[in-house]
Amino acid sequence: MVVPFQIHHGVLQGAREVPSPNFNQRPTNTEIQLIVIHNISLPPSQFGNPYIEAFFQNRLDYTVHPYFQTLKGLQVSAHLVILRTGEVIQCVNFADRAWHAGRSTYLGKPECNDYSIGIELEGSDDTAFEPIQYEVLAHVVQAIQQEYPKAIHLAGHSDVAPIRKTDPGPFFEWNHFRTLLRTIKSDALTK
Ligand SMILES: [Zn+2]
């Protein structure tokens with residue numbers, strides 16, 4: 001049973017804070033309109049290690065694995081990471097601009113980082129996500145949409161950067177996620 005989340009001053013209550021230096025300000029008068037879903041694992045398809053957090057904090061030891069060499073010098077982040085256990089990590093305040101989408105376009109509007117929230121699921125393009133990750137993601141999105149009512153759009157990284165990116169990948173079950181989200185919202189209305 002996932003307890004509903006609340007957001008105070010851009011911080012998701014109950015998330016573990018792992019601050020990333022990889023952010024800047026959103027352009028002035030920019031409202032959050034989009035939530036971008038990603039997957040990440042370092043190295044790919046290996047889970048339960050500290051490397052994602054280290055990567056987002058620019059303290060990944062690039063000598064640990066050959067794949068890490070390809071990440072050298074990259075400065076990226078996401079607002080949230082949802083681990084396989086369902087634990088949520090917050091790396092960037094929602095009010096700030098995290099560096100997750102890169103060059104991107106949504107419905108003709110470029111620079112998704114300006115007006116989106118980025119959520120990484122610990123996962124890969126070739127592995128099913130954990131049921132708890134869907135539950136937590138749905139509750140998190142419900143909390144975000146309650147706090148930022150314009151954030152009605154949901155997209156995958158592959159939707160906003162289709163030539164460069166494949167995540168959240170074929171194993172991300174959009175229908176299941178949307179059904180959970182709808183259920184949570186209608187439950188909230190009847191309470
Ligand atoms: Zn991504």
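Helices and strands, as named on this tour, are DSSP runs: a helix has at least four residues, a strand at least two, and both are numbered from the N terminus. The model on screen is predicted.

**Stop 1: the whole chain**

Begin with the entire protein chain in view. It contains five helices and twelve strands. Along the principal axes, the C-alpha atoms of the chain fill a box of roughly 55 × 40 × 30 Å. The radius of gyration of the protein chain is 16 Å, which agrees with the value near 16 Å for a compact globule, because the chain has 191 residues. Of these 191 residues, 35% count as buried. If one considers contacts between residues at least 6 apart in sequence, 72% of them join residues at least 24 apart.

**Stop 2: the annotated region**

Select residues 20–169. An unreviewed UniProt entry annotates this range as "domain: N-acetylmuramoyl-L-alanine amidase". Over residues 20–169 the chain is 21% helix and 23% strand. The C-alpha atoms at the two ends of this range are 25 Å apart.

**Stop 3: strand S5**

Select residues 34–40, which form strand S5. How many of the seven residues of S5 are buried? The count is seven of seven, and S5 is thus described as mostly covered. Leu34, Val36, His38 and Ile40 point one way from S5, while Ile35, Ile37 and Asn39 point the other way.

**Stop 4: strand S11 and its partners**

Keep S5 displayed and add residues 116–122, strand S11. S5 and S11 pair in the parallel sense over seven bridges. To follow this pairing, locate valine 36, which stands opposite glycine 118 in S11, and then isoleucine 40, which stands opposite glutamate 122.

In S11, too, seven of seven residues are buried. One side of S11 carries Ser116, Gly118, Glu120 and Glu122, and the other carries Ile117, Ile119 and Leu121. Both faces are covered.

Next add residues 80–82, strand S6. S6 and S11 run parallel and are joined by three bridges. Valine 81 is the residue that stands opposite glutamate 120 in S11.

**Stop 5: strand S12**

Return to S5 and add residues 153–156, strand S12. Which sense does the pairing of S5 and S12 take, parallel or antiparallel? These strands pair in the parallel sense, over four bridges. The bridge partner of isoleucine 37 in S12 is glycine 156.

**Stop 6: helix H3**

Select residues 131–147, helix H3. This helix has 17 residues and reaches 25 Å from its first C-alpha to its last, close to the 24 Å expected at 1.5 Å a residue. The buried residues of H3 include Tyr134, Leu137, His139, Val141 and Ile144.

**Stop 7: two cis peptide bonds**

Most residues other than glycine have a negative phi, and most peptide bonds are trans. This stop and the next concern exceptions.

Select leucine 42 and proline 43. The peptide bond from leucine 42 to proline 43 is cis, with omega near -15 degrees. Proline 43 is placed in the loop between S5 and helix H1 (51–56).

Now select aspartate 167 and proline 168. They are joined by a cis peptide bond with omega of about 10 degrees. Proline 168 is found in the loop between helix H4 (157–160) and helix H5 (174–190).

**Stop 8: two positive phi values**

Select serine 45, in the loop between S5 and H1. Its phi is near 70 degrees, a positive value in a residue other than glycine. Serine 45 counts as exposed because it has 12 C-beta neighbours inside 10 Å.

Move to asparagine 58, in the loop between H1 and S6. Asparagine 58 is not a glycine, yet its phi is positive, at about 60 degrees. With 14 other C-beta atoms within 10 Å, asparagine 58 is partly exposed.

**Stop 9: asparagine 22**

Finish at asparagine 22, in the loop between strand S3 (16–17) and strand S4 (23–25). Why does asparagine 22 count as buried? It does so because 20 other C-beta atoms lie within 10 Å, and a residue with 20 or more is counted as buried. Leaving aside neighbours within four places in sequence, the contacts of asparagine 22 are Phe56, Asn58, Gln75, Val76, Ser77 and Trp99; Asn58 was visited at the previous stop. Finally, select cysteine 91, which is 69 residues from asparagine 22 along the chain. The C-alpha atoms of asparagine 22 and cysteine 91 are separated by 8.9 Å.

Key
Residues numbered from 1 in each chain as written. Predicted model: local features only at pLDDT ≥ 70, side-chain atom pairs only at ≥ 80, totals over all residues. UniProt positions renumbered as here; feature names shortened; annotations may be inferred. Expected span 1.5 Å × (residues − 1). Pairing = 2+ DSSP bridges. Contact = placed C-beta atoms within 7 Å. Rg over C-alpha atoms; globule rule 2.2 N^0.38 Å.
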